[in-house]
Amino acid sequence: MANNLLAELSTHLQARHLYPTPAWLQSFTGGIRPTTPLPALKQTAVFRLLATDITTSLASSPATIFPTDILNARIQSRHLAGPVVCQVMDIEDIGHSCWSQVEAIEAKERGETTKGREVVRLVPDANEQPDVQVTVSKGPFKLLLQDAKGVKVYAYELRGIVGINMGMSMGVKILLRNCNVRRGVVMLEPGGVQVLGGKIETLDKSWKDGTKERLIAAANAGR
């Protein structure tokens, strides 16, 4: 029965291009209730796996990770067939200056945002909230991706991709297929990227807590 369950879960996850290590599967099944329905177990397995660090939870094989020479900048252009599951370790809005992003954060800290050209102050716990149009950056964005083996690669979002924005969680998993790699940098196009979801709690918290300081440091460095 236990072996059948492991096989069922493994098949379900692999159909989503998630290849868990035997140790992760054993750990997951060791903490579940015997009476839990199989469909619920499958959903929970996906949810929990997406919340892990894939360098410890996913098995790595040549077919599921970046090529060994992915960072070779002497290769002008190459095709990354995939599918490769990776996790987002960092994201930068390269469509706006660092100082403008700092100002936006500070306005949010003051409880202010904009409606058109008008500054609107949000009043906590007010009975009626203003109809505020929040401006969301359209990028482009620069991401730092990491595969199951721990290799980190920069990537550029060339056109708007659903789920990729400055509000996304760090550690979120994305699936890459049929991407172009130019001089060691992955070019992200809508047809080649699928955001799977998830996050790494500790990474996400530390990244968000340090966003303002990183932007100020980058601005002072002339970026």
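**A walk through the predicted chain**

D204 is found in helix 6, which covers residues 201-209. The model that holds this residue is a predicted one. D204 counts as buried because its relative accessible area is 4%. Not counting residues up to four places away in sequence, D204 touches M168, S169, M170 and K199.

K199 leads on to another residue, T52, since K199 is among the contacts of T52 too. Leaving aside neighbours within four places in sequence, the other contacts of T52 are W24, S57, Q87, K173 and I200. T52 sits in the loop that runs between helix 3 (38-50) and helix 4 (54-57). With a relative accessibility of 15%, T52 counts as buried. The side chain of T52 also reaches back to the backbone oxygen of L49, at 2.6 Å.

These residues belong to a chain with seven helices and ten strands. The chain has 223 residues, and 38% of them count as buried. About 13100 Å² of the chain is exposed, with 53% of that area supplied by carbon and sulfur atoms. Among contacts with a separation of 6 or more, 72% are between residues 24 or more positions apart.

The interior can be followed through its nonpolar cores. The largest nonpolar core has 25 residues, of which F66, L145, I164, L176 and L188 touch the most other members. Several strands give two or more residues to this core: strand 2 (84-93), strand 5 (141-146), strand 6 (152-157), strand 7 (173-176), strand 8 (179-182) and strand 9 (185-188). Strand 2 gives the most, with four residues. L145 shows what such a core member touches: leaving aside neighbours within four places in sequence, L145 is in contact with F66, C86, Q87, V88, V151, K152, V153, A155, I174 and L176. There is also a second, separate core of 18 residues, which includes L6, F28, L50 and A148.

C86, one of the contacts of L145, raises the matter of disulfides. A disulfide is a covalent bond between the sulfur atoms of two cysteines. How many disulfides does a search of the whole structure find? The search finds zero. For C86, the closest cysteine sulfur is in C179, 8.5 Å away, and this is too far for a bond. The same distance, 8.5 Å, holds when one starts from C179, whose closest cysteine sulfur is in C86. Both cysteines are covered: C86 counts as buried because its relative accessibility is 0%, and C179 counts as buried at 3%.

Strand 2 is followed by a loop that leads to helix 5 (98-109), and I94 has its place there. Is I94 buried or partly exposed? At 41% relative accessibility, I94 counts as partly exposed. I94 and G139 are 45 residues apart in sequence, but their C-alpha atoms are 6.4 Å apart in space. Not counting residues up to four places away in sequence, I94 touches P140, F141, K142 and Y156.

A few places stand out by their backbone geometry. A cis peptide bond, with omega about 0 degrees, joins G82 and P83. P83 is found in the loop between strand 1 (78-80) and strand 2. H17 has a phi near 65 degrees, a positive value in a residue other than glycine. The loop that holds H17 lies between helix 1 (2-14) and helix 2 (22-30), and H17 is partly exposed, with a relative accessible area of 24%. N178 also has a positive phi, near 55 degrees, and is likewise a residue other than glycine. N178 lies in the loop between strand 7 and strand 8. At 52% relative accessibility, N178 counts as exposed.

The last point is the confidence of the prediction. The pLDDT averages 86 over the chain, and 87% of the residues score at least 70. Over residues 116-120 the pLDDT is below 50, and this stretch has nine contacts in the model beyond near neighbours in sequence. Residues 128-135 also have a pLDDT below 50, with eleven contacts in the model beyond near neighbours in sequence.

Definitions and conventions:
Residues numbered from 1 in each chain as written. Predicted model: local features only at pLDDT ≥ 70, side-chain atom pairs only at ≥ 80, totals over all residues. Heavy atoms only, no water. Buried < 20%, exposed > 50% of the residue type's maximum accessible area, 1.4 Å probe, protein only. Polar contact = N/O pair within 3.5 Å; in protein donor to acceptor, adjacent residues only side chain to side chain. Contact = heavy atoms within 4.5 Å. Areas by Shrake-Rupley, 256 points an atom, 1.4 Å probe, with all protein chains shown as cover. Core = buried A, V, L, I, M, F, W, Y, C linked by side-chain atoms within 4.5 Å. pLDDT = per-residue confidence, 0-100. Disulfide = S-S within 2.5 Å.
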